[in-house]
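My notebook is open, and I start with the overall layout before going down to single residues.

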Amino acid sequence: MGRLTDEQAIAANEHTDRLDSARVSRAQRLTFLAIAAVIAVVAVLVLAVAGGDDEQEATRAQSTATATPGAAATETPTPEPAPPLVTPGKVTKLRFEQGDTVRFRVRADVADHVHVHGYDLMKDVEPGKTVTFSFPADITGIFEIELEDAGEQIAQLRVDPG
Ligand SMILES: [Cu+2]
């Protein structure tokens, strides 16, 4: 830009020098254009290479992103939730509908028998061990679950009509 102003100034003042300076400036302009062209080509190449890398990385990231949940889904199937744990000291409320499967666990720190009234099921429990119950909820009503020897209610089983 500044060079154009100089050229104009030279052209205005000296006619002889004008041709020389015009010739020089043309040569300079050609050199400049050549350099600019080289820079442009290099820039395009760099951008193309960088763009290619970005694209590759994006594709890689995308495939990783899509692969991970799929792998996780196949590796960890949804685990069935553990049945509720009943422990002495409180009355745990268990609620089911007729046709369900009643599932619960009992853990006690004493040896006793877990008695499910109504269904009249009894299972021994060892100190610090867990006993698991699983039976069809085919009798509706509200029933006591107790530690038989201790005479302590530890849960209330409610089965509603389905
Ligand atoms: Cu009982």
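**Layout.** I take helices (H or I, at least four residues) and strands (E, at least two) as DSSP runs, numbered from the N terminus. On that basis the elements run α-α-β-β-β-β-β-β-β-β from the N terminus on, and I count 2 helices and 8 strands in the chain. This is a predicted model, in which local features need pLDDT of at least 70, side-chain atom pairs count only at pLDDT 80 or more, and totals for chains, interfaces and linings use all residues. Residues are numbered from 1 along each chain as its sequence is written.

**Confidence.** I looked up pLDDT next, the predictor's confidence in each residue, from 0 to 100. The chain averages 74, and 54% of the residues score at least 70. Residues 8-22 stay under 50. For contacts I use C-beta atoms, placed from the backbone, that lie within 7 Å; by that rule the model has 5 contacts beyond four places in sequence for residues 8-22. Residues 41-47 are also below 50 in pLDDT, with 0 contacts beyond near neighbours in sequence. Across the chain, 50% of the contacts with a separation of 6 or more link residues 24 or more positions apart.

**The sheet of five.** In which order do the 5 strands of the open sheet lie? I count two strands as paired if DSSP finds at least two bridges between them. The order is β2-β8-β7-β4-β5, with mixed pairing. At the edges are β2 (92-97) and β5 (121-125), each pairing on one side only. From one strand to the next the twist averages 20 degrees, taken between axes that are lines fitted to C-alpha atoms (for helices over the stretch in contact), with angles from 0 to 180 degrees between N-to-C directions.

I then followed β8. Strand β8 (residues 152-160) is antiparallel to β7 (residues 141-147), over 7 bridges, while β2 and β8 run parallel with 6 bridges. On the β7 side, glycine 141 has valine 159 of β8 as its bridge partner, and phenylalanine 143 stands opposite leucine 157. On the β2 side, lysine 93 is bridged to glutamine 156 of β8. The hairpin of β7 and β8 has 4 residues between the strands, and there glycine 151 takes a positive phi near 65 degrees.

**The sheet of three.** The other open sheet I noted has 3 strands in the order β1-β3-β6, again with mixed pairing. Its edge strands are β1 (85-86) and β6 (130-136), and each pairs on one side only. Strand β3 (residues 101-107) runs antiparallel to β6, joined by 7 bridges; among the partners, threonine 101 goes with proline 136.

**The core.** I call a residue buried if 20 or more other C-beta atoms lie within 10 Å of its own, exposed if 12 or fewer, and partly exposed in between, with C-beta atoms placed from the backbone. Buried residues make up 14% of the 162 in the chain. A nonpolar core is a set of buried Ala, Val, Leu, Ile, Met, Phe, Trp, Tyr and Cys residues joined through C-beta atoms within 7 Å. The largest one has 18 residues, of which Val86, Phe104, Val106, Ile145, Ile154, Ala155 and Leu157 touch the most other members. Two or more residues each come from β3, β4 (112-116), β7 and β8, and β8 gives the largest share, 4 residues. I checked alanine 155: leaving aside neighbours within four places in sequence, its contacts are Val86, Val91, Thr92, Leu94, Phe104 and Ile145.

**Two loop residues.** Is aspartate 120 buried or exposed? Aspartate 120 is exposed, because 9 other C-beta atoms lie within 10 Å. This residue lies in the loop between β4 and β5. Most residues other than glycine have a negative phi; aspartate 120 has a positive one of about 50 degrees although it is not a glycine.

Isoleucine 139 is in the loop between β6 and β7. Isoleucine 139 counts as partly exposed because it has 14 C-beta neighbours inside 10 Å. Not counting residues up to four places away in sequence, isoleucine 139 touches Gly118, Tyr119 and Val159. Valine 159 is 20 residues from isoleucine 139 along the chain, and their C-alpha atoms are separated by 6.9 Å.

How values were computed. Two residues are in contact if their C-beta atoms, placed from the backbone, lie within 7 Å.
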